[in-house]
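Reader: I'm in my first year and still learning to read protein models. Could you take me through the aromatic rings in this one, slowly and closely?

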Amino acid sequence: MHHELILILDFGSQYTQLIARRVREQGVYCEIVPFHQSLERILEKNPKGVILSGGPNSVYEEDAPKVGGGFYERIDAPILGICYGMQLLAKDLNGNVSPSERHEYGHAKLKVLSGQTQLFQNLPFELDVWMSHGDHVVGLPAGFHTTATTGDIVTAIENEEKRIYGVQFHPEVAHTPLGKEVLRNFLFGICGCKGDWTAKQFIKEEIEKIRQIVGENDNVVCGLSGGVDSTVAAVLVHEATGKRQTCIFVNNGLLRADEFEMTLALYEKELHLNVRGVDASAEFYRVLGGISDPEAKRKAIGGKFIDVFDQEANRIGDVKYLVQGTLYPDVIESVSLRGASVTIKSHHNVGGLPEKMNLKLIEPLRELFKDEVRLIGKDLGIPEEILQRHPFPGPGLAVRILGDITPEKVELLQKVDRIYIEELHRFKLYKEVWQAFAVLLPIQSVGVMGDFRTYEKTVALRAVTSTDGMTADWARLPFDFLQSVSSRITSEIRGVNRVVYDISSKPPSTIEWE
Ligand code: XMP
């Protein structure tokens, strides 16, 4: 379907996904594969170009990740090595790499040595670049020459005839302001891409693909959460299958204030989805009764969700497919150099459903990043209020109420959350943060109101910046804003006399408190 493909071989860099995003932003489709992908698989995909990512290793370590034999000879598309990728290709082609006396981390000034090189075409002779390396190339492989330096360090090399290029700096990060142009030169000038990856093209192809899969008499079911991903997936599948798709939107009693009613109305009236709203709040509260342990809460909610969804889907009859809003970051076979990761939190979406119901999956967004999903959603006519909505966890407010869950605590937190979100909009800060929410703490503290002593609850406000939710930093929200939220919460909501702001990043904390 995709006419042009750039393959990114992942050597474990924290920036690999960023490379993919930068490539896609230029309208070129790309995929990330692990460095040990077989050469046959790579050749089958017939890429227009290959990028070797950075990575935490040193190329001369014994178990350093490498490409398979015959790689450079058999791939006839251009190759660009970034950081570790450049060192690897230099070593593999009989050049020399060694540890630097001076490690380079952060900003550096790069000097382009010749205007002839295509990689730096139409760029100034001096560039601000971002470095993050301990090793560097000290001996060039035969046929290569240096095209840029930073101080006495070789920062870019190439063999124009073989179309192999290497850069020591990171063109994919925002701190290399013209990095995008360097990647552009590689994609368009060197690989000859045209840029045929657009939202409209994607939608058209995806609708055709779904029509080919789903037969005239097949029924499709889709779980909606009110969030961006499931909504975009549902609307896309609706375009392809119409009424054969039934959407199920479950109220677990743990959503934000009025969210169930408002979102359901939007699904029905504005997006014209075939949707069933199921209010199962009471059942969820029942299974959550008395549970305080975070994992036990997650398991109870996940299990109940599957029961409710299964029951509802069974009423439709003859369902063959389940739509999921899985995104690309969830499916990338990322290179973990620390072994399989441990379970930090058992995430609950519709996981477990396909097996239980014996359904085949349709995942129309599995090649997309979140920002691309928003673009597709915009083209599909989905309102901004859904597209810009902050991520919201499947177990909802249950993981934002520490300790056991009661309808009263949920109601209290909903009120606090409403004020916080309203103020974020009022101060035009909502879109500035990845996520913002309030947490109800299981502690009481002493306060004073008028002439009276109070002994009431504490809420914590959390707001983070992030690009993918994997790492996050606490948002530096203005004090004026925090002051306004805090005073509104304590004056408008009975039962809360203290507001604190969470200043923890992830890691070591996580975004949600449970
Ligand atoms: P943590 O708390 O693990 O959260 O740092 C990372 C991101 O994931 C969201 N989150 C969830 N999303 N089901 C979801 O769909 C879940 O069970 C779940 N738990 C956390 C969280 O809100 C943040 O955006």
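**A close look at the aromatic rings**

Author: Happy to! Let's begin with Tyr29, which is buried, with a relative accessible area of 1%. Keep in mind that you are looking at a predicted model. The ring of Tyr29 has a partner, Trp197, and this residue is buried too, at a relative accessible area of 10%.

How do we describe two such rings? A pair of aromatic rings is described by the distance of the centres and the angle of the planes. The structure holds 14 aromatic pairs. For Tyr29 and Trp197, the centres lie 4.7 Å apart and the planes meet at 45°, so this pair counts as tilted. Now find the two residues along the chain: Tyr29 is in the loop between α1 (16-25) and β2 (30-34), while Trp197 is in the loop between α5 (179-190) and α6. With 168 residues separating them, the pair links distant parts of the chain.

Next, look at Phe427 and Phe481. Their ring centres are 5.2 Å apart with the planes at 80°, and because planes over 60 degrees apart count as edge-to-face, that is the name for this pair. Phe427 belongs to the loop between α15 (407-426) and β15 (435-449), whereas Phe481 is part of helix α16 (residues 479-492). These two are 54 residues apart, and again the pair links distant parts of the chain. Are the two partners buried or exposed? Phe427 is partly exposed, with a relative accessible area of 31%, but Phe481 is buried, with 0%.

Rings can also join up in a group: ring pairs link Phe11, Phe35 and Tyr84 into a cluster.

A ring may have a charge as its neighbour as well. The charged end of Arg400 sits over the ring of Phe437, 3.9 Å from the ring's centre. Over the ring of Trp474 you will find the charged end of Arg476, 3.9 Å from the centre of that ring.

One last stop brings us back to helix α6. This helix (residues 199-213) packs with helix α13 (residues 370-379) at an angle of about 75°, their axes 9 Å apart. That angle makes α6 roughly perpendicular to α13. An aromatic residue takes part here: Phe202 is among the α6 residues of the contact, together with Ala199, Lys200 and Ile203. From α13 come Leu375, Ile376 and Asp379. The residues of this contact divide into 5 nonpolar, no polar and 2 charged.

Terms used
Residues numbered from 1 in each chain as written. Predicted model: local features only at pLDDT ≥ 70, side-chain atom pairs only at ≥ 80, totals over all residues. Heavy atoms only, no water. Axes fitted to C-alpha atoms, helices over the stretch in contact; angles between N-to-C directions. Helix = DSSP H or I, 4+ residues; strand = E, 2+ residues; numbered from the N terminus. Parallel < 35°, antiparallel > 145°, perpendicular 65-115°, else oblique. Contact = heavy atoms within 4.5 Å. Nonpolar A, V, L, I, M, F, W, Y, C, P; charged D, E, K, R; others polar. Phe/Tyr/Trp six-rings, centres within 6.5 Å; stacked < 30°, edge-to-face > 60°. Buried < 20%, exposed > 50% of the residue type's maximum accessible area, 1.4 Å probe, protein only. Lys NZ or Arg CZ within 6 Å of the ring centre and 35° of its normal.
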